[in-house]
Amino acid sequence: MCVMGLSGKVGCHVYPSGFAPLWALLALCAGLLVSPARAPAYEPPKGITQVLSGSEVRLEVDHFGVGDTARRGEWCGVRLLLTDSGSKPREVLVRLAGTDADGDHPVQQREVTLNPGVAQSVWMYLRLPFNYVAGEGLIASVYEALDGGIAPDGGRGYRTGALLARGTLDPKSNSVQHPAQGLIGVVGERSLGLAPYNGLSLSTGGPNDVFHPYTHENSFFAVGLTGAEMPDRWMGLTQFDVIVWGKGEPGELRGDKANAMREWITRGGHLVVVLPAVGQNWTNEKVNELFDVMPQVAVARVENANLSDFRPLLIGTRRPQFPARGTIHTFRVLDGIDPGVTTPILDAPDGKCVVVRRTVGAGAVTFIGIDLNATAFSQFDAVDADVFWHRVLGRRGWLIRPAQTGPGRPAGFTSRSVWALDKGVGELINQSGRTALGLLAGLVVFVVYWAIAGPAGYFLLKAKGWQRHAWVSFLGASGVFTAIAWGGATLLRPQRVDVRHVTVLDHVYGQARERARMFASVLIPSYGEARIGVTEDGGSVTVSPWEAPVDQPGWTGFPDARSYLIDTRSPSSLNVPTRATVKQVQIDWSGGPPWGMPLPQGPDGAPGRLTLDPNGGGASGNPLVNGVLVHKLPGTLKQVKVIVVRGQTTLKPVRGKRGDTENLPLVRGEAYDYSEWAPQTPLDLGTLTSPITKSEARQLLPWLNSLTPGSVGNGLTEESGEYARGFDDRLRAMTFMGYLKPTDSGENAPAPPAAQRWCLHGYDLNRWLTQPCVIVLGFLDSGQGDGPSPVPLTVDGKLVPTSGRTLVRWVYPLPGEAPAYPSEAEIKPGAADETSPEPKDQALPEGAGQPQ
């Protein structure tokens, strides 16, 4: 028997004639039985290409990720620079090839027209595998484009002609971040006070010890972005949890760049714009192509404003220097605008809004009217992230720099155990149960065959005196059991497409589009090729190969590795090789609601609304929220949690030192349990949110604290005790990633586990904890604990049923209410901590707050 391997070498093995049927029988069992095991981890091929010199097209990597920052396990934009040395314009095919979990090669493709001597930038997009190694496995190539080919979507396209350039991408190792790393992008050169979110330099330990020493997820700080570097498709922005635009004109985003930013926002991105002191054009419809998603406000410019009164909003400790005066912008929501769509977040001391937000789809755009880009703020460190930015982004916990630690102040943890919130996705969609059944059947058949064709058959023949017929019996048994093996394999082989999934679905009431991320294991019981996509009217979608974030170093893929083309600008489907096994994919979907999401219902079934009673709840004797909800989902919502966010806590007075635990919780609200919510069944929030005797049991903060398990130690491990939370609990914790209980400040306090996420960056609801709203969480159950996915998945154009776990998250925005400033009694002289060695504030000269 001869077998050809990936290297092209042929290995030959000679088997004893007596065992050849046994080997053939096992081969039939192993080869014909379906093996829909979990897709293995990525292992890039090594040494398969070389950089060509003297080619007709000069090929360079301009940016690996926006701002030369990418994250493994996430979509990545690669900007290539092509310079043609030919004599006339020509069409070329630009390709970027990688390796998926099965050893096949997804090839991102784009058609480009090159002009002689002109350096042309081209964006390519792909999802980086979790264990991508910089410098290995990504091959960029340029081919002459010839008519008569097939496009990635299966239609008419180009075929490859002469190879014009080829090379292996080799980004800097620090350009590719760990899968657990959060990313914040900043347009402009100044940090705007965000730098403390990156505390990674303080932690030590192994390669997976990626956490913030004071909170949980660390956020890498990508500063220095420009509008000119923005990608032309939204996938290139997916890596960022938030983008803060501190410098530059909105006119830098035009055409495809503007559309990419708009789509990223609609799909859940958060764009924060710091308005410049002079000449802001973000509310100018003529020059801003993103005007349709900007907050619907009237902007008033205030010169020479007194900034000293803004201290409680911006800083938590006294500063040697703080700007005395400067220019600010205030916002007034336009008449007739739904207060749940554009809402104030933070006010100036005089009650005028200085931070306002507009909800767009599942995302948002926030305006900040304080010019944090001014030299007086940046040069003198006059913005504390855990005072100001926490209230804008929806985060919690100390963010103290090393220079600010000392006696009585938390030093942070440099070594902690990791709590993987994404753990369980691969296991839940794995279809290895069928593999186990097939292997068990094959083992039973082999044992029975061995017994009959071997010792048992021989002794039976000997007892009858028929030893001379042993070969005839052996051949007969081999034939019979070969037929049994063939028949068994045919019976056990699935006859239809089967899909297991984990999906997170987000819907904001009043928005036309919702979003979902689906991880799916698609069992395709055929050999050849199959196209995985969604229905034609299924909304905007990207499909990419996926692998569970686990290590399987022994797997190198199938020996018949094949390539498949993907339209890099619109990867709405994959035409993947099939081997009667499973293909794992990640689908990012956005579109109109395919299901009947919860709706407020008035009397007699008329449309209704929800109202918040600011004085309700607690011991008031009145409901906190009035209104009735009804849904028409294809199943019952179970483990329902209804969260009511009242708003933010009152701003704290500036103190002489940090460490006051009362400064940590910035949200006011309550959380209510509701076991099951069936379709068409009214959920009366007035009854649910009515006061109870022990009102503290319903407070939001204790519930948020309970999402994080206790410290690891004394024999407690990730797989035991409180630390071993179920997958549903982990998903709920991921939902409020930024608000998980932070580290304790005591010197003898045990190190709590650091929560990490690898697969669901950008899928938290932290931002909603900064404004009044109602949030409903629940797991869809259509029977036996599973439910369908809202993503209309198709195989070869046919809609296929799906079964798995869907987390439904529904948000109802309420009219905004900014937090109040501290009272005069709190800020009077003597209220500050007298033990602090830090000097008192010294106001900068008038005008020092102006940009320079």
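Which residue just after H5 takes a positive phi? I looked this up first and found Gly-394, with a phi of about 85°. I note here that the model is predicted.

**Entry: helix H5**

I then turned to the helix that precedes this glycine. H5 covers residues 385-393. I asked how many of the nine residues of this helix are buried. The result was nine of the nine, so H5 is largely enclosed by the rest of the structure. The buried residues include the charged-letter entries I had marked for checking, Asp-386 and Arg-391. His-390 is buried as well, and so are Ala-385, Val-387, Phe-388, Trp-389, Val-392 and Leu-393.

**Entry: strand E7 and its partners**

I next examined strand E7, which spans residues 105-114. Seven of its 10 residues are buried, and I recorded the strand as mostly covered. Which strands pair with E7, and in what sense? Strand E6, residues 90-97, pairs with E7 in the antiparallel sense over eight bridges. Within that pairing, I traced Arg-90 to its bridge partner Leu-114 in E7. Strand E26, residues 563-567, is joined to E7 by five bridges, and these two strands run parallel. There I found Pro-106 bridged to Tyr-564 of E26. E7 thus has an antiparallel pairing with E6 and a parallel pairing with E26.

**Entry: a sheet of four strands**

I looked up the order of the strands in one open sheet. Four strands form it, in the order E27-E24-E38-E39, with antiparallel pairing. Strand E27 (574-579) and strand E39 (798-799) each have a single partner strand and stand at the edges, so one side of each is left without a neighbour in the sheet. I then followed the pairing of E27 with E24, whose residues are 527-534. Six bridges join these two antiparallel strands. As one position in this pairing, I noted Ala-530, whose bridge partner in E27 is Val-576.

**Entry: the protein as a whole**

Finally, I recorded the overall values. The secondary structure comes to 13 helices and 40 strands. Of the 852 residues, 53% are buried. I asked what share of the contacts between residues at least 6 apart in sequence join residues at least 24 apart. The share is 78%. The exposed area of the protein is about 34,700 Å², and carbon and sulfur atoms supply 54% of that area.

Note on methods:
Residues numbered from 1 in each chain as written. Predicted model: local features only at pLDDT ≥ 70, side-chain atom pairs only at ≥ 80, totals over all residues. Heavy atoms only, no water. Pairing = 2+ DSSP bridges. Buried < 20%, exposed > 50% of the residue type's maximum accessible area, 1.4 Å probe, protein only. Contact = heavy atoms within 4.5 Å. Areas by Shrake-Rupley, 256 points an atom, 1.4 Å probe, with all protein chains shown as cover.
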